Amino acid sequence: MVTVPRLVIAAPASGSGKTTVATGLMAAFAERGLAVSPHKVGPDYIDPGYHSLATGRAGRNLDAYMCGPELVAPLFAHGARGCDLAIVEGVMGLYDGASGRGELASTAHVAKLLQAPVVLVVDASSQSRSVAALVHGFASWDPQVRISGVILNKVGSDRHEMLLREALEESGVPVMGVLRRAEQVATPSRHLGLVPVAERRGDAVAAVAAMGAQVRSGCDLDALMALARSAPRTPAASGAWDPAGAVREAGGGRDADGEGGPERLDGGPGGPDRGRPVVAVAGGPAFTFSYAEHSELLTAAGADVVTFDPLRDEALPEGTRGLVIGGGFPEVYAPELSANEPLRKAVADLAAAGAPLAAECAGLLYLSRSLDGLPMCGVLDADGRMSKRLTLGYREAVALTDSPLAAVGTRLRGHEFHRTVLEPGAGASPAWGMHLPERRVEGFVQQGVHASYLHTHWASAPGVARRFVERAAG
C-alpha cells in the first residue's frame, strides 16, 4: 500500500516555477525534521540533483512511458519507504504527456496513478483576474485530477496579490502560497536546462537554501501538509518495487542478497566483496545523468558498484570488471577529459579485454575517437561534435545485436536528450533500431561494448542488470 502523505507540484506550462516551489517545499519540510522523499515526473536527470540536495535522499524519477504505468506506484513506494512526506515535481504543463499518446507520462497521469492531490504553481506576473479562469479550466478539465491548491509565483506587489486572491475566491481552489519575484533563487541554465548540482555545489547549496526560505515565508506549510495527509491509501499491485525481487523475477542474479533498500547505492559499508565483480560507474561533474535504480539493480544482481570521477581519477577502481558510463556534459569538460590520458587508456584497455561497457549519450561520446577535435578514449571509430540542433524525445527501440545489455529482439522504451552529433551514428553492428519518431539504426555493439545515445530506465527491464553482471562475473 502507498500510504505516505504526498503532493504533486504541477503548473500550466514550463517556466512557471515548479522546480523552485517543489525544491523549496522539500527543503522547508526537511528543515522541520521530516524525512522527505523527492520525486520527478519524466526522464529529467538534473532537477533530482537539486531535490537530493534539499532532502538528503536520492532524487527519483517516475516515468510512465519508459517504465510503464504499472511501475509508477511501486517505484514511488520504494523511494518513499520510511518517509514522512513525498513531494513529486511535475514535468512541463500539467496535461502535457508523451507526444501523440494522450495523457501518457504527463504529470496528470502520474498524479492519478498515485491518487495524489495536485498543487498548481501559476506564474501570475502578467495577469490578475484572469488567473481564476486559468485555474478553473485546469481544475475542471479532468475530474480525476484533484487540483486542491494554488501557489502564486512572481507576484509583483501587495495590491497584485490582493487582486489575485479576490479572483481565486470564485474558483473554489484555495491559495496556499504567494511568492514574490526573487533573483537569489534563480539557477543558471545552458543548452540542456539547469546546470547540474555537481558542477556548482556551493552555489547550488545557497540556491536551495534560498528556495527553502522563500517557500517557508510565502507558503502555508501546515495547510500543505494537511493536504498531503488527505491522500488516500492506494493499492500498488505488487507492493513497493524491490531491486532484488526484480532481478530474481528477471531470471536470477549472482549473490543477490535481498537487501538493496532505497538508499543503498554501493557495495555497502564493508567495501567490495572479493566474490562479487566490481562494476565501475562514472560520476562527477561530467557524468551526472543516472537513475538510482540502476546501481541498486547492479548491486542486487551481484556486483559491487564503485563510483569514480573521470575528471580526477587516473585509474579505474581496483578490480573493475565492468563499466557503466551514463549521460552528462562531456562537451563542457572535453579538455579535462582529454587531458586525463591514463584513464582514457585504462578504459580502452578494459574494452579491448572484452569486459562489458554500457555507455549512454555522454558515455557514447567519451568512448568515441574525438569530441570537438579533442582525443577521447578511441574505443569507437566515430567522432562527436556540438550541434545547434536539440535532439529530444521518447523513443521505442529494439536491440539489433546481442550485447551485454540485451539479446537481439529485446524491446525497450527510452529517451534522447542531446545537442551533439556523432559521425557515423551507428557501427557495423548497431545497438538499436528506432521506431519513433522515425525508423533508423543507432549506436554501437562491439566485443563487450554497448554504446548509444538512448537513455533507458533499467527498472522496466531488470534483466539488463542481471545480464551485465553475469558478463562481468565471466
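**Exercise 1. How many bridges join S5 to S6, and in which sense do the two strands run?**

Before solving this, note that the model is predicted, that local features need pLDDT of at least 70 and side-chain atom pairs pLDDT 80 or more, while totals for chains, interfaces and linings use all residues. Residues are numbered from 1 along each chain as its sequence is written, and side-chain values use heavy atoms, leaving out hydrogens and water.

Step 1. Helices (H or I, at least four residues) and strands (E, at least two) are DSSP runs numbered from the N terminus, and two strands pair if DSSP finds at least two bridges between them.

Step 2. S5 and S6 run parallel and are joined by six bridges; Asp-123, for instance, has Asn-153 in S6 as its bridge partner.

Step 3. Between these strands the chain passes through helix H5 (residues 130-141), in a β-α-β crossover that is right-handed, meaning that, with the strands pointing away from the viewer, the path from the first strand over the helix to the second runs clockwise.

**Exercise 2. Follow the chain from S6 to S7, and describe how S6 is covered.**

Step 1. Strand S6 (residues 147-155) pairs with S7 in the parallel sense over four bridges.

Step 2. Val-150 has Val-175 in S7 as its bridge partner, and Val-155 is matched in S7 by Arg-180.

Step 3. A right-handed β-α-β unit is made by S6, helix H6 (residues 158-169) and S7.

Step 4. Of the nine residues of S6, eight are buried, where buried means under 20% relative accessible area, exposed over 50%, and partly exposed in between, with a 1.4 Å probe and protein chains only.

**Exercise 3. Place S5, S6 and S7 in their sheet, and find a helix that packs on it.**

Step 1. The sheet is open, has seven strands in the order S3-S2-S4-S1-S5-S6-S7, and its pairing is parallel.

Step 2. Strand S3 (60-62) and strand S7 (175-180) are the edge strands, each pairing on one side only.

Step 3. On average, neighbouring strands of this sheet are turned by 25° against each other, direction ignored; axes are lines fitted to C-alpha atoms, for helices over the stretch in contact, and angles run from 0 to 180 degrees between N-to-C directions.

Step 4. Strand S1 (residues 6-10) pairs with strand S4 (residues 85-89) in the parallel sense over four bridges, and Leu-7 stands opposite Ile-87 in S4.

Step 5. Helix H4 (residues 107-114) packs on the sheet and touches S1, strand S2 (36-41), S3, S4 and strand S5 (118-123), a contact being heavy atoms within 4.5 Å; the direction of H4 makes about 170° with that of S1.

**Exercise 4. Which residues of helix H8 are buried, and why do they lie on the same side?**

Step 1. In helix H8 (residues 221-229), the buried residues are Leu-221, Leu-224, Met-225, Leu-227 and Ala-228.

Step 2. These residues lie on the same side of H8 because they cover an arc of only 160° around the axis, the arc being that of the directions from the helix axis to the C-beta atoms.

Step 3. The exposed residues Asp-222 and Arg-229 are carried by the face of H8 turned away from its buried side.

Step 4. At the start of H8, a side-chain oxygen of Asp-220 comes to within 3.3 Å of the backbone nitrogen of Asp-222.

Definitions and conventions:
A polar contact is a pair of N or O atoms within 3.5 Å; within protein, one must be able to donate a hydrogen and the other to accept it, and residues adjacent in sequence count only if both atoms are side-chain atoms.
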